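Subject: Handover of a structure

Dear colleague,

Please find below the structure that I am passing on to you. A written account of what was found in it follows directly after.

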Amino acid sequence: MTSTGMNMMSRIIFYEDRNFQGRSYECMSDCPDMSSYLSRCHSCRVERGCFMVYDRTNYMGNQYFMRRGEYADYMSMMGMSDCIRSCRMIPMHRGSYRMRIYERENFGGQMYELMDDCDNIMDRYRMSNCMSCNVMEGHWLMYEQPNYRGRMMYMRPGEYRSFMNMGWSGMRFMSMRRITDSCY
């Protein structure tokens with residue numbers, strides 16, 4: 001099956017209340033503003049695929065990775081203080097993964113190329129900060145703490161010259177993980 005065919009099957013259902021109660025909204029692609037569909041969202045069910053959900057519209061604010069499963073009260077499970085306001089479908093990637101991380105903004109300072117998960121950039125590369133990156137292949141999650149903990153950010157192929165200019169000032173990324181087909 002092609003990756004496009006797999007992506008078309010992705011589906012997440014949002015519910016206004018906990019335990020899949022209240023009005024619902026079904027989403028099979030990106031949705032920059034869910035407020036016109038639901039006044040609030042306290043539970044969801046990912047039937048197929050993977051999604052990033054955001055606590056602000058237009059894919060802004062805190063991000064949370066959702067894989068296939070049921071989230072009857074995800075707000076307390078994930079420590080969310082607000083509702084989901086937007087979501088982005090993560091396309092399945094089959095192939096290699098490649099990302100370059102840089103110590104400074106605009107691809108400056110030390111550079112290392114990753115092709116697999118890295119649970120701690122300090123231990124592996126003696127790199128104390130990552131302020132820009134170039135995702136060449138695959139889809140990745142970057143975490144503010146070692147061992148894939150803390151706030152996260154979804155990175156799709158592209159150049160990210162300054163995490164601070166993306167609204168992530170004061171946040172340091174210390175671990176990175178590939179979004180592989182095992183997540184689906």
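**The largest cavity**

By class, 4 nonpolar, 2 polar and 2 charged residues make up the lining of the largest cavity. Please note from the outset that this is a predicted model, and that what follows was computed from it.

Which residues form this lining? They are Met 34, Ser 35, Leu 38, Ser 39, Arg 40, Cys 41, Ile 84 and Arg 85. The space in the largest cavity comes to about 30 Å³. With 30 Å³ or more as the cut-off, the count is 1 cavity. As background, a probe the size of a water molecule, rolled over the atoms, reveals where empty space is left.

**The chain as a whole**

How many helices and strands does the chain contain? There are 3 helices and 14 strands. The chain has 184 residues, of which 47% count as buried. Of the contacts in the chain with a separation of 6 or more, 66% are between residues 24 or more positions apart.

**The sheet that contains β1 and β3**

One open sheet consists of 4 strands in the order β2-β1-β3-β6, with antiparallel pairing. The edges are taken by β2 (21–27) and β6 (69–71), each of which has a single partner strand, so one side of each is left without a neighbour in the sheet. On average, neighbouring strands of this sheet are turned by 15° against each other, direction ignored.

Within this order, strand β1 (residues 11–17) and strand β3 (residues 43–48) pair in the antiparallel sense, and 5 bridges connect them. As one example, Ile 13 has Arg 45 in β3 as its bridge partner.

Asp 17 is also placed in strand β1. Is Asp 17 buried, partly exposed or exposed? Its relative accessible area is 24%, which lies between the limits of 20% and 50%, and Asp 17 therefore counts as partly exposed. Leaving aside residues up to four places away in sequence, Asp 17 touches Gly 22, Arg 40, His 42 and Ser 43. Of these, Arg 40 also appears in the lining of the largest cavity. Asp 17 and His 42 are 25 residues apart in sequence, while their C-alpha atoms are 5.0 Å apart in space.

**The sheet that contains β8 and β9**

Another open sheet has 4 strands in the order β9-β8-β10-β13, and the pairing here is antiparallel. Why is one side of β9 and of β13 left without a neighbour in the sheet? Both β9 and β13 (158–160) stand at the edges, and each has a single partner strand. Neighbouring strands of this sheet are turned by 15° against each other on average, with direction ignored.

Strand β8 (residues 98–104) and strand β9 (residues 108–114) run antiparallel and are joined by 5 bridges. Among the residues involved, Arg 100 has Glu 113 in β9 as its bridge partner. The two strands form a hairpin with 3 residues between them, and Asn 106 in the turn has a positive phi of about 55°.

**The loop between β11 and β12**

Further positive phi values occur in the loop between β11 (140–145) and β12 (149–155), where Asn 147 lies. Asn 147 is not a glycine, yet its phi is positive at about 60°. At a relative accessibility of 46%, Asn 147 counts as partly exposed. Tyr 148 is placed in the loop between β11 and β12 as well. Tyr 148, although not a glycine, has a positive phi of about 60°.

**A buried residue in β4**

Phe 51 has its place in strand β4 (residues 50–56). Because its relative accessibility is 0%, Phe 51 counts as buried; the limit for that class is under 20% relative accessible area. How many residues apart in sequence are Phe 51 and Ile 90? The separation is 39 residues in sequence, and the distance in space is 5.3 Å from C-alpha to C-alpha.

With kind regards

Note on methods
Residues numbered from 1 in each chain as written. Predicted model: local features only at pLDDT ≥ 70, side-chain atom pairs only at ≥ 80, totals over all residues. Heavy atoms only, no water. 1 Å grid on protein atoms, 1.4 Å probe; cavity = no way out; pocket = protein on both sides within 12 Å on 5 of 7 lines; lining within 4 Å. Points joined across faces, edges and corners; volume = space filled by probe spheres on them. Nonpolar A, V, L, I, M, F, W, Y, C, P; charged D, E, K, R; others polar. Pairing = 2+ DSSP bridges. Axes fitted to C-alpha atoms, helices over the stretch in contact; angles between N-to-C directions. Buried < 20%, exposed > 50% of the residue type's maximum accessible area, 1.4 Å probe, protein only. Contact = heavy atoms within 4.5 Å.
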